[in-house]
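Please take a moment to look over the sequence and the structure shown here before reading on. The paragraphs below are meant as a slow walk through them.

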Amino acid sequence: MKRPALFVVAAAAISTCSQQPPERQIIADAANALGGRSRILAVKTLVIEGEGTNGNLGQDMTMDAASQQFVVTGYRRSVDIVNLRARTEQTRTPNFAYFQGPQPQKQVLGVDGDVAYNVAPSGTATRASNAVAKDRRAELYHHPLEIVRAALDPAAKLTSPRTAGREQVVDITTANGLAFTLAIDATTKLPTWVVSATDNTNLGDVLIETAFDDYQDLNGLKVPRHFTTKTDKYRTAELRVTKQAIDGDVGDLTAPQAATSAPAIAGPAPATVTAEELAKGIWFLAGQTHHSVLVEFADHLTLIEAPQNDTRALAVIAKARSLRPEKPLTEVVNTHHHFDHSGGIRAAIAEGLTVITHKANEAFYKDAATRPHTIAPDALAKSPKPLKLVAVDEELALKDSGMTVNLYHVAGNPHADTLLMAHFPRERILVEVDAFTPGSAVQPYAANLRENISRRALKVDRIVPLHGAIAPYSELLKIQ
Ligand SMILES: [Zn+2]
């Protein structure tokens, strides 16, 4: 694995008078502080119970907002340290207007070797992608006992011992080839955090950091009672341990047969893009879960939405160009910053499109356009281009002799502060996403959409949603 530049903290060599090389000394000190090498190597299983919170990375009101959280109860993580298996069960309850409704959701998330899986409340297990499996395998080592145990293996590579503030830091490549950085407290020698790098479609190379504190004595070992996890600079989880056990019964942690027998998921499914002409010069580009709309102007084309990832966005862009090959596709309107709707923005930039988005996204997209994607290079990493961005405040008219489309901020919507809708006044079509999803049983954001339409006195016959099927305006009016 190429190590991202961020991974290497400016280092000061540690001077030591011990006989061990300094990188081994850090691990030996950590092992002693935790209860001793042989005690650590004897541990077979770990069960952690507790409660806490999960963040809503990439789906909050703005990119930097942190008001939306899931309250986590009934957390139980069972780990087979020897065989690298883990299963986490938890119930999460949104403290915000969640698109699936306010009820608590039970989650079962597991990993067994190269297979990651989720179990639905119905008991049905499904295989998760290889990328998820890789992250969950790395997560196994985001615990002091597991990372130090792995570092004690003579086949582990220990490098770059250094002092950073009140901590001693060392890079570890485990015997099975995974890379981590571990910090220990310079005084107590107890592990304070572990970091590993992964790819995030929207953010590129990111560091996932788990911090440990509030250690307790347990069966001759010291284990933390407080875990805080960040992805990049965003806090994604916090856990307070209420009960934990070493070498207790963890039950059967092998992956369910439905998951192990399912084919591995190496990447996004191939994109299928359908095209339906809704009115002269307006096409609905659908086919899977996230739709787009193509708009024809006198001398250029404008796409509304480059969603999900390179696979979807590039397929939609290719379809748009094939519908009107004589006109250049020059710009993309982004409905909001949520990761599933902005995951194709970098592909659009690579294709030379100008990004039109709410002004609250400007700083985030400027950053996103230049972030390194070295772990899983995407279209923009392979073909770098500068970001061209047009920021929308309350409204922006896109208009020429042949076409008018007005972009409006969907103000005050509890789904996102950055939400734009597109209105075609002549065709009386409204393009929106997430505020109203026709057919969905839960519609927590629809009343606000209606208010926005009324306040601007927009004439609408058809709603063209970027999730779900096209619906008459009367369907929105029926929502309570
Ligand atoms: Zn959204």
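What follows moves from the whole chain to its charged pairs, and then to one strand residue and one helix.

The coordinates come from a predicted model, and every value given here was computed from it. In this model the protein chain has 12 helices and 26 strands. Along its principal axes the C-alpha trace spans about 80 × 45 × 40 Å. A compact globule of 480 residues would have a radius of gyration near 23 Å, and because the protein chain has 25 Å, the value agrees with that expectation.

The overall numbers also say something about how the chain is covered and connected. Of the 480 residues in the protein chain, 53% are buried, and the accessible surface comes to about 20,200 Å², with 53% of that area belonging to carbon and sulfur atoms. If one takes the contacts between residues at least 6 apart in sequence, 60% of them join residues that are at least 24 apart.

Charged side chains offer a second way into the structure. The protein chain carries 50 positive and 52 negative charges, and the mean positions of these two groups are 2 Å apart. The count of salt bridges comes to 23, and a few of them can be followed in detail.

One of these pairs is formed by the side chains of lysine 189 and aspartate 29, which meet in a salt bridge at 3.8 Å from N to O. Lysine 189 lies in the loop between strand S9 (179–185) and strand S10 (191–200), while aspartate 29 lies in helix H1 (residues 22–34), so the pair ties together parts that are 160 residues apart in sequence. Lysine 189 is partly exposed, with a relative accessible area of 21%, whereas aspartate 29, with a relative accessible area of 17%, is buried, because buried here means under 20%.

Another pair consists of lysine 222 and aspartate 217, whose side chains meet in a salt bridge at 2.7 Å from N to O. Here lysine 222 counts as partly exposed at 28% relative accessibility, and aspartate 217 is exposed, with a relative accessible area of 56%.

The side chains of arginine 321 and glutamate 351 also meet in a salt bridge, at 2.6 Å from N to O. Since arginine 321 lies in helix H6 (residues 310–323) and glutamate 351 in the loop between helix H8 (345–350) and strand S19 (354–358), the pair ties together parts that are 30 residues apart in sequence. Arginine 321 is partly exposed, with a relative accessible area of 31%, and glutamate 351 is partly exposed as well, with a relative accessible area of 31%. Elsewhere, salt bridges that share partners join Asp80, Arg85 and Asp112 into one network.

Strand S19 can now be looked at through one of its residues, threonine 354. At 16% relative accessibility, threonine 354 counts as buried. Which residues does threonine 354 touch, not counting residues up to four places away in sequence? They are Thr330, Glu331 and Val332, together with Lys388, Leu389 and Val390.

Helix H4 (residues 144–152) gives a last view of burial, for this helix is mostly covered, with eight of its nine residues buried. The buried residues in H4 are Pro144, Leu145, Glu146, Ile147 and Val148, followed by Ala150, Ala151 and Leu152. As background, an α-helix has 3.6 residues a turn, so residues three or four places apart point the same way.

Conventions: Residues are numbered from 1 along each chain as its sequence is written. This is a predicted model: local features need pLDDT of at least 70, side-chain atom pairs count only at pLDDT 80 or more; totals for chains, interfaces and linings use all residues. Side-chain values use heavy atoms; hydrogens and water are left out. Helices (H or I, at least four residues) and strands (E, at least two) are DSSP runs, numbered from the N terminus. The radius of gyration is taken over C-alpha atoms; the globule rule is 2.2 Å times the number of residues to the power 0.38. Buried means under 20% relative accessible area, exposed over 50%, partly exposed in between (1.4 Å probe, protein chains only). Contact means heavy atoms within 4.5 Å. Accessible areas come from the Shrake-Rupley method with a 1.4 Å probe; for residues, only the protein chains shown count as cover. Lys and Arg count as positive and Asp and Glu as negative; His and the chain ends are not counted. The place of a charge is taken as NZ of Lys, CZ of Arg, CG of Asp or CD of Glu. A salt bridge is a side-chain nitrogen of Lys or Arg within 4 Å of a carboxyl oxygen of Asp or Glu.
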